Amino acid sequence: MMTAEERDRIIAILQERGARLPCSRCGNPNFSLIEGYFNHPFQPEMTNNMVIGGPMVPSVGVVCTRCGLVSFHALGALGLMPPQNTAQNEQAQS
């Protein structure tokens with residue numbers, strides 16, 4: 001679970017970036033941050049097989065308090081991803 005500090009930082013960044021519009025489905029202006037993280041896998045090409053352990057988009061989710069619409073915000077785009085260890089990445093690629 002995320003800490004109160006992480007939650008407050010995420011909310012502040014979303015507000016700074018203008019993520020304040022009402023729900024696109026019901027017009028409700030109130031959202032709640034889902035207190036946890038999501039990893040959305042994506043496929044580099046269209047196939048019938050899913051690649052397990054492939055690339056992912058780490059995200060946080062917000063949910064409309066009226067209709068339950070869930071939307072996701074990529075942590076990297078919000079500047080919330082920790083720096084990656086370049087040496088580990090280079091070893092993993094070789």
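## The largest pocket

The lining of the largest pocket is made up of eleven nonpolar residues, six polar residues and one charged residue, in a structure that is a predicted model. There are 18 lining residues in total, and those that lie nearest the centre of this pocket are Leu14, Ala19, Arg20, Phe31 and Val62. Three elements give two or more residues each to the lining of the largest pocket, namely helix H1 (4-16), strand S1 (31-33) and strand S4 (70-74). The volume of the largest pocket comes to about 410 Å³.

## The second largest pocket

The second largest pocket holds about 170 Å³ of space. Its lining consists of Glu5, Glu6, Arg9, Ile10, Tyr37, Pro58, Leu75, Leu80, Met81 and Pro82, and when these residues are sorted by class, seven are nonpolar, three are charged and none is polar. Helix H1 provides the largest share of this lining, with four residues; H1 is also among the elements that give two or more residues to the lining of the largest pocket.

## Salt bridges around arginine 7

Two salt bridges are found in the structure, and Arg7, Asp8 and Glu35 are linked by salt bridges into a network. In one of these contacts, the side chain of arginine 7 meets that of aspartate 8, with an N to O distance of 3.7 Å. In the other, arginine 7 pairs with glutamate 35, and here the closest N and O atoms are 3.5 Å apart. Because glutamate 35 lies in the loop between S1 and strand S2 (38-41) while arginine 7 belongs to helix H1, this pair ties together parts of the chain that are 28 residues apart in sequence.

## Exposure of the network residues

How far are the residues of this network buried or exposed, given that a residue is called buried under 20% relative accessible area and exposed over 50%? Arginine 7, which takes part in the salt bridge with aspartate 8 and in the one with glutamate 35, has a relative accessible area of 24% and is therefore partly exposed. Glutamate 35 has a relative accessibility of 32%, so this residue also counts as partly exposed. Aspartate 8, at 45% relative accessibility, is likewise placed in the partly exposed class.

Conventions:
Residues are numbered from 1 along each chain as its sequence is written. This is a predicted model: local features need pLDDT of at least 70, side-chain atom pairs count only at pLDDT 80 or more; totals for chains, interfaces and linings use all residues. Side-chain values use heavy atoms; hydrogens and water are left out. On a 1 Å grid over the protein atoms alone, a cavity is a set of points where a 1.4 Å probe fits but cannot get out, and a pocket is an open set with protein on both sides within 12 Å along at least five of seven lines; lining residues have an atom within 4 Å of a point. Grid points are joined across faces, edges and corners, and a volume is the space filled by probe spheres set on the points. Ala, Val, Leu, Ile, Met, Phe, Trp, Tyr, Cys and Pro count as nonpolar, Asp, Glu, Lys and Arg as charged, and the others, Gly among them, as polar. A salt bridge is a side-chain nitrogen of Lys or Arg within 4 Å of a carboxyl oxygen of Asp or Glu. Buried means under 20% relative accessible area, exposed over 50%, partly exposed in between (1.4 Å probe, protein chains only).
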